[in-house]
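Here's a quick tour of the structure below, written for someone who likes to check geometry by eye. Have the viewer open and follow along.

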2 protein chains.
Amino acid sequence: MVDTHLHPFDAALTLIPGPSDPKTTFVGRTHPAYQNMVGPYGGLSAAQALQAVLQHPALLGQPVALTVNYAAAIADGELRVEVDPVRTNRSTQHWTVAITQDDSVVLTATVMTAARRATWSAADVAMPEVPRPSELPRSPCDGRPTWFQRYDMRFCRGNFPEPWDGAERESLTQVWVRDDPDRPIDITSLAAMCDVFYPRVWLRRGTPTPAGTVTLTSYFHVGRAELAAASSGYVFAQARGIRYFNGYFDQSAHLWSEAGQLLATSHQLVYFKE
Amino acid sequence: MVDTHLHPFDAALTLIPGPSDPKTTFVGRTHPAYQNMVGPYGGLSAAQALQAVLQHPALLGQPVALTVNYAAAIADGELRVEVDPVRTNRSTQHWTVAITQDDSVVLTATVMTAARRATWSAADVAMPEVPRPSELPRSPCDGRPTWFQRYDMRFCRGNFPEPWDGAERESLTQVWVRDDPDRPIDITSLAAMCDVFYPRVWLRRGTPTPAGTVTLTSYFHVGRAELAAASSGYVFAQARGIRYFNGYFDQSAHLWSEAGQLLATSHQLVYFKE
């Protein structure tokens, strides 16, 4: 059943309560609007793992950290999300999540949620000065996987090499990102956007080779007020490769609100083939 | 029973096989040589979680990624490490780890191991030019927690503010690190060193306030040959804070061999109190 009134992201995030014994489970599905070359867009799977925590009746606070391990290819169709609040403290809570298909684990995640309180705050990394989204053209989606159409992307720097010339380049990408159709940013869509970058090794080497995220960790620097303030704008997303070594590379990313507030820091390790 | 022939790090990492049904377990202990202000040094707990994976009979490949969530204070004494190879593929393996005390979860971890093969390799972050360890004094351990004595640390930059003057500073620390007593670097000691930095917020604000790592993610850019090449030297460790917001801040760290090879990238989210 497809509810056509829902935004595709909300449709893709829909989780139906499943059995709760011994652990709370939800049943979800892959969604055709977020398909990648093989299986779903990794950002969507990360958001599904987080959504299961958000729907759990014992939830304390808001997400501050999320790690997702992409253990195996996810097949089109149904998936089972098992979620467990393994430790609840006074103001923090630690969660484990496992997504299975046919009783095989395809994804594991850990989430930390916390009731935050106002403290001294600062940022040691400033948002770079870049053109506004309205001054830049939207990146075309031709020839890209389907999920690409779900984001209005406007590259400031580090767009896909054109042509794929095999020349070595700097691995930095700077891009404005917004859901398409437009949708107010919330913690799940922010979590999904943390994975919006095409593989750094493609840019670094000017060649698109097989590559896929194997683990992703995001830290969220927002409460509800900050998300509400950022909700109607674009996100400015920047990523850079760090080290490429024997089949794996890592990257670090920062995501700012249009007003320049650092909303999330995100890191991932990516498998690549030569 | 304490084996006095063992290096304190190896003594602290000792895990005795426990019951293997339904999941493989090991029994370990906190170690007085690695005590922090409250409970054990977080780097040691990370290494213990990793060690359980390394001792598992089904292990495939070598660690490429480790995430550790510090769910609760660890009490002095025995701990139970539960380790589960939740997904094994052709050349990769995904693990979950839980450390419990008195049946309560105090730490969760996920580990990814992989059989790597040689590919094109590069680094987009260069090791900064700094004085050699022999040109720098060893940092005194007076007034520091016990685990500090387990590392020969030589600060190039970003040593503890002296005095604690409450002035805002840059959050960058650069420090040479070696086990004390000296011990060849391996993947577990490298994992432990990823947590060697005192809290960035102390440096940033010139004030030591309560702070503790809540989650740590490290990516390893080494195989056995690279570890062997680095094993007799110091590690050059650099960390910088990113965003401090309402009770939590994150930091990113890079660890190089003395010869300038990037061995690990490590990120953490840290709780802090004003």
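## Backbone oddities, strands and the interface

Let's start with a loop: Asp102(A) sits between strand E5 (92–101) and strand E6 (104–114) of chain A. Keep in mind that this is a predicted model. The phi of Asp102(A) is near 50°, which is a positive value in a residue that isn't glycine. For context, most residues other than glycine have a negative phi, and most peptide bonds are trans.

That brings us to a couple of peptide bonds worth clicking on. In chain A, the bond running from Asp180(A) to Pro181(A) is cis, with omega near 0°. Pro181(A) belongs to the loop that links strand E9 (173–179) with helix H3 (187–193) of chain A. Over in chain B, the bond from Glu162(B) to Pro163(B) is cis too, again with omega near 0°. Pro163(B) is found in the loop between strand E8 (151–157) and strand E9 (173–179) of chain B.

Next, the strands. Which residues face each other across them? The table lists some strand pairs, each with one residue pair.

| Strand pair | Sense and bridges | Residue pair |
|---|---|---|
| E2 (24–29) and E4 (78–88), chain B | antiparallel, 6 bridges | Thr25(B) and Glu82(B) |
| E4(B) and E5 (92–101), chain B | antiparallel, 8 bridges | Pro85(B) and Trp95(B) |
| E11 (235–245), chain A, and E7 (122–123), chain B | antiparallel, 2 bridges | Arg243(A) and Ala123(B) |

Within chain B, E4(B) pairs with E2 over 6 bridges and with E5 over 8 bridges. The connection from E4(B) to E5(B) is a hairpin, made through 3 residues. The last row of the table crosses between chains: strand E11 of chain A pairs with strand E7 of chain B, and Arg243(A) has Ala123(B) as its bridge partner there.

So what else goes on where the chains meet? On the chain A side, 63 residues are in contact with 63 residues of chain B. Together the two chains bury about 5500 Å², with 56% of that on carbon and sulfur atoms. Trp120(A), Asp124(A) and Arg243(A) supply 15% of the area that chain A buries against chain B, more than any other three residues. Arg243(A), then, turns up both in this trio and in the strand pairing across the interface.

How many salt bridges span the interface of chain A and chain B? The rule finds 2. In one salt bridge, the side chains of Asp124(B) and Arg204(A) meet, at 2.6 Å from N to O. Polar contacts across the interface add up to 44 residue pairs, both residues being at pLDDT 80 or more. As for make-up, the side of chain A that touches chain B has 27 nonpolar, 25 polar and 11 charged residues.

Finally, the symmetry. Chain A superposes on chain B through a rotation of 180°, with 0.0 Å of shift along the axis and an RMSD of 0.0 Å. The two copies are therefore related as by a two-fold rotation axis. Both copies use the same surface, as 100% of the contact residues of chain A recur in chain B.

How values were computed. Residues are numbered from 1 along each chain as its sequence is written. Chains are lettered from A and ligands numbered from 1 in the order in which they are written. This is a predicted model: local features need pLDDT of at least 70, side-chain atom pairs count only at pLDDT 80 or more; totals for chains, interfaces and linings use all residues. Side-chain values use heavy atoms; hydrogens and water are left out. Contact means heavy atoms within 4.5 Å. Buried area is the accessible area (1.4 Å probe) that two parts lose on being put together, summed over both. A salt bridge is a side-chain nitrogen of Lys or Arg within 4 Å of a carboxyl oxygen of Asp or Glu. A polar contact is a pair of N or O atoms within 3.5 Å; within protein, one must be able to donate a hydrogen and the other to accept it, and residues adjacent in sequence count only if both atoms are side-chain atoms. Ala, Val, Leu, Ile, Met, Phe, Trp, Tyr, Cys and Pro count as nonpolar, Asp, Glu, Lys and Arg as charged, and the others, Gly among them, as polar. Two strands pair if DSSP finds at least two bridges between them. Helices (H or I, at least four residues) and strands (E, at least two) are DSSP runs, numbered from the N terminus. Copies are superposed by least squares on the C-alpha atoms of residues with pLDDT of at least 70 in both.
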